[in-house]
Amino acid sequence: LSAFGNQIYTVCAKTVGVTCIVLDVSKVSTPVSQIKWGGAPKPGSTLSFKAGGVPGTAVFMLSPGQSFVPLAPYGTFLLNPCVFQSFAVVPVGQNVSVPIPNDVTLTGLDIYGQAIGLPASGSPLATLTNLTYFQIL
């Protein structure tokens with residue numbers, strides 16, 4: 001897996017270890033669309049988000065929880081489907097700034113993010129990104 005260092009990737013594997021966790025990896029791939037964030041996640045600051053992938057549109061979403069809902073052929077929805085909010089629709093590759101309210105009661109809050117990539121043309125019609133996570137400091 002060293003060839004995938006500093007990258008986001010998906011691993012298909014099965015557990016084969018008995019006394020410790022050992023994985024028999026059958027497939028490693030990087031997602032077509034990826035989401036990244038930057039900044040200091042603390043009250044009063046601003047975070048930036050960016051989705052990479054094929055040219056098109058990205059829909060950004062945040063949630064205080066995570067889930068695992070496969071939506072073939074689009075990928076897996078990884079946010080809590082009962083509590084999530086879309087917050088921006090921008091061209092793929094464009095940064096999105098999100099201010100964190102200056103409220104100390106937000107400290108310790110876990111936030112998960114994901115985006116949907118909508119290609120300008122071609123198939124599939126949509127691709128879900130990886131999950132990103134941060135905690136308000």
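# A guided tour of a twelve-strand chain

Select Q66 to begin: the bridge partner of Q66 is L79, a residue of strand 7. The model on display is predicted, and every stop below refers to that model.

**First stop: strands 6 and 7**

Extend the selection from Q66 to the two strands around this bridge. Strand 6 covers residues 66-70 and strand 7 covers residues 76-79; the two pair in the antiparallel sense over three bridges. Together, strand 6 and strand 7 make a hairpin with five residues between them. Within the turn, select G75, whose phi is positive, at about 120°. As background, most residues other than glycine have a negative phi, and most peptide bonds are trans.

The second half of that remark leads to the next selection, A72 and P73. The peptide bond joining A72 and P73 is cis, with omega at about 0°. A72 is found in the loop between strand 6 and strand 7, and P73 lies in that loop as well. Is A72 buried or exposed? With a relative accessible area of 72%, A72 is exposed. Now add T127 to the view: T127 and A72 are 55 residues apart along the chain, and their C-alpha atoms are separated by 9.6 Å.

**Second stop: the whole chain**

Clear the selection and show the entire chain as a cartoon. The secondary structure consists of zero helices and 12 strands. Of the 137 residues, 29% count as buried. If a surface is switched on, its accessible area comes to about 8200 Å², and 59% of this belongs to carbon and sulfur atoms. Contacts can also be viewed by sequence separation: among those with a separation of 6 or more, 57% are between residues 24 or more positions apart.

**Third stop: an open sheet**

Select strands 3, 4 and 9. These three strands form an open sheet in the order 3-4-9, with antiparallel pairing. Strand 3 (34-38) and strand 9 (96-99) stand at the edges; each has a single partner strand, so one side of each is left without a neighbour in the sheet. On average, neighbouring strands of this sheet are turned by 25° against each other, direction ignored.

Keep strand 4 and strand 9 in view. Strand 4, residues 46-52, pairs with strand 9 in the antiparallel sense over four bridges. Which residue of strand 9 does S48 face? Select S97 in strand 9, which stands opposite S48.

**Fourth stop: the aromatic rings**

Show the side chains of the aromatic residues. A search of the whole structure finds six aromatic pairs. One of them is formed by F60 and F87: the ring centres are 5.8 Å apart, the planes make an angle of 40°, and the pair is tilted. This pair links distant parts of the chain, since F60 belongs to strand 5 (residues 56-63) and F87 to strand 8 (residues 85-91), 27 residues apart. The two rings can be compared by accessibility: F60 is buried, with a relative accessible area of 0%, whereas F87 counts as partly exposed at 28%.

Next, select F77 and F84. Their rings form an edge-to-face pair, 5.2 Å from centre to centre and with 65° between the planes. F77 counts as buried, at 9% relative accessibility, while F84 counts as partly exposed at 37%.

To return to F60 and F87 in a wider setting, select W37, F49, F60, F87 and F134 together. Ring pairs link these five residues into a cluster.

**Fifth stop: Q85**

Move to Q85, which lies in strand 8. Q85 is exposed, with a relative accessible area of 53%. Which residues does Q85 touch, leaving aside those up to four places away in sequence? They are F60, M61 and L62. Add S63 to the selection: S63 and Q85 are 22 residues apart in sequence and 6.5 Å apart in space, taken from C-alpha to C-alpha.

**Last stop: N130**

Finally, select N130, in the loop between strand 11 (127-128) and strand 12 (132-135). Is N130 buried or exposed? At 10% relative accessibility, N130 counts as buried. Display I35 alongside N130: a polar atom of the N130 side chain lies 2.8 Å from the backbone nitrogen of I35.

Note on methods: Residues are numbered from 1 along each chain as its sequence is written. This is a predicted model: local features need pLDDT of at least 70, side-chain atom pairs count only at pLDDT 80 or more; totals for chains, interfaces and linings use all residues. Side-chain values use heavy atoms; hydrogens and water are left out. Rings of Phe, Tyr and Trp (its six-membered ring) pair if their centres lie within 6.5 Å; planes under 30 degrees apart count as stacked, over 60 as edge-to-face and the rest as tilted. Buried means under 20% relative accessible area, exposed over 50%, partly exposed in between (1.4 Å probe, protein chains only). A polar contact is a pair of N or O atoms within 3.5 Å; within protein, one must be able to donate a hydrogen and the other to accept it, and residues adjacent in sequence count only if both atoms are side-chain atoms. Contact means heavy atoms within 4.5 Å. Accessible areas come from the Shrake-Rupley method with a 1.4 Å probe; for residues, only the protein chains shown count as cover. Two strands pair if DSSP finds at least two bridges between them. Axes are lines fitted to C-alpha atoms, for helices over the stretch in contact, and angles run from 0 to 180 degrees between N-to-C directions.
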